[in-house]
Amino acid sequence: MSLLADLFAGDALDPGYAAAARRPAKTAGGRRRGLGAAAILALAGLLGAVAALQVHRHEPAAVRERHRLIAEIRDRTAESDALQRRLEAVRAGTERARAAALASSAAGTRVRRELARAADAAAATPRTGSGLAVTVDDARPGAPTDEGAAAGRIYDQDLQILVNGLWAAGATAIAVNGQRLTSTTAIRAAGDAVLVDYRPLSPPYEVTALGGGRLRNAFDGSAAGEHFRTLKGQFGIRFDEREVEGARMPPAAALRLRYAREEARR
């Protein structure tokens, strides 16, 4: 009767046979699930690669052009620096030859002294002396500011205020990152770059001014000194001062002479 009941119940297999029959089916299902997961991962990787390729192909032309221009600016700046060094060497040789020629007579000696005074006023000769070195830089990342990250940057207007404050405090010669300033030097901005005499400079900006030991006190008591103390306190920019002895400044780049002339009337 038990056998007939099992047959009518539909469970005719012995329990051992039934367990053996279930084991292969379970293993096959696990393998299928493993293969499915691997296929999904491979598909996700393929989609990621395709997306990255599409982003690269559709990179804005302006970004690529900007990178090309930055590289070209760096190359041209290096070439300009090399030419400037050659120019300084040629100028030094010319000055030696001129001094030797003028020293042969009293009139030549007087002319040489006049030329020396004019060259010094035009920043065409190197200068050495004591004074003040001021270093300014953008705020460090994460520095607290009242107006966001842009407020912690040094702009061309800030360098203008610094340089003019040093002139007003009695500086006799000034250089920014080793570049000598003259009465015609322009400090401007071009995008994110600061240009000094149309040459791009990168922070930190080291401004060296010759003017003796009284220069620091005069600058600190000026509106320019107060301006930078405010920038340091409120926006976290770097502003360091130190007195220097025996600082040497190179001559300025050759000046482009500008003059007016009367045109013939028609």
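## Salt bridge between two strands

E206 and R242 form a salt bridge, with the closest N and O atoms 2.8 Å apart; the term denotes a side-chain nitrogen of Lys or Arg within 4 Å of a carboxyl oxygen of Asp or Glu. E206 belongs to strand β7 and R242 to strand β8, so the pair ties together parts that are 36 residues apart in sequence. E206 is partly exposed at 26% relative accessibility, and R242 is partly exposed at 42%. In this report, buried means under 20% relative accessible area, exposed means over 50%, and partly exposed lies in between (1.4 Å probe, protein chains only).

The structure is a predicted model, in which local features need pLDDT of at least 70 and side-chain atom pairs count only at pLDDT 80 or more, while totals for chains, interfaces and linings use all residues. Residues are numbered from 1 along each chain as its sequence is written, and side-chain values use heavy atoms, with hydrogens and water left out.

## Further salt bridges

The count of salt bridges comes to 9. One of them joins R76 and E79, whose closest N and O atoms are 3.5 Å apart. These two residues are 3 residues apart in helix α3 (residues 61-102), which means that about one helical turn separates them. R76 is partly exposed, with a relative accessible area of 45%, and E79 is partly exposed, with a relative accessible area of 45%.

A salt bridge also brings together the side chains of R238 and D240, at 2.7 Å from N to O. R238 is partly exposed at a relative accessible area of 32%, and D240 is partly exposed at 32% relative accessibility. In addition, E65, R68 and E72 are linked in a network of salt bridges.

## Overall composition

The secondary structure of the chain consists of 7 helices and 8 strands. Helices (H or I, at least four residues) and strands (E, at least two) are DSSP runs, numbered from the N terminus. The chain has 266 residues, of which 24% are buried.

About 18600 Å² of the chain is exposed, and carbon and sulfur atoms supply 57% of this area. Accessible areas come from the Shrake-Rupley method with a 1.4 Å probe; for residues, only the protein chains shown count as cover. Of the contacts (heavy atoms within 4.5 Å) between residues at least 6 apart in sequence, 76% join residues at least 24 apart.

## The antiparallel sheet

An open sheet is formed by 5 strands in the order β3-β2-β7-β1-β8, and the pairing is antiparallel. The edges are occupied by β3 (179-180) and β8 (238-249); each has a single partner strand, so one side of each is left without a neighbour in the sheet. Two strands pair if DSSP finds at least two bridges between them. In general, strands of a sheet pair through backbone hydrogen bonds, either parallel or antiparallel.

Strand β1 (residues 127-137) pairs with β8 in the antiparallel sense over 10 bridges, and M249 in β8 is the bridge partner of R127. β1 also pairs with strand β7 (residues 205-210), in the antiparallel sense over 6 bridges; here Y205 in β7 is the bridge partner of V136. Strand β7 contains T208, which is buried with a relative accessible area of 18%. Leaving aside residues up to four places away in sequence, T208 touches L132, A133, A173, I174, A175, A247 and M249.

## Buried residues in loops

T185 is located in the loop between β3 and β4 (187-190) and is buried, with a relative accessible area of 19%. The side chain of T185 reaches the backbone nitrogen of T182 at 2.7 Å. Not counting residues up to four places away in sequence, T185 touches R180, V196 and D197.

G152 is located in the loop between β1 and α5 (156-168) and is buried, with a relative accessible area of 4%. The C-alpha atoms of G152 and A139 are separated by 4.9 Å, while the two residues are 13 residues apart along the chain.

## A nonpolar surface patch

L43, L46 and L47 form a nonpolar patch on the surface, with about 310 Å² of accessible area together. Patches are made of residues with over 30% relative accessible area and no salt bridge: like charges are joined within 9 Å, and nonpolar side chains (Val, Leu, Ile, Met, Phe, Trp, Tyr) within 5 Å. L47 lies in helix α2 (residues 15-57) and counts as exposed at 54% relative accessibility.

Methods. Polar contact = N/O pair within 3.5 Å; in protein donor to acceptor, adjacent residues only side chain to side chain.
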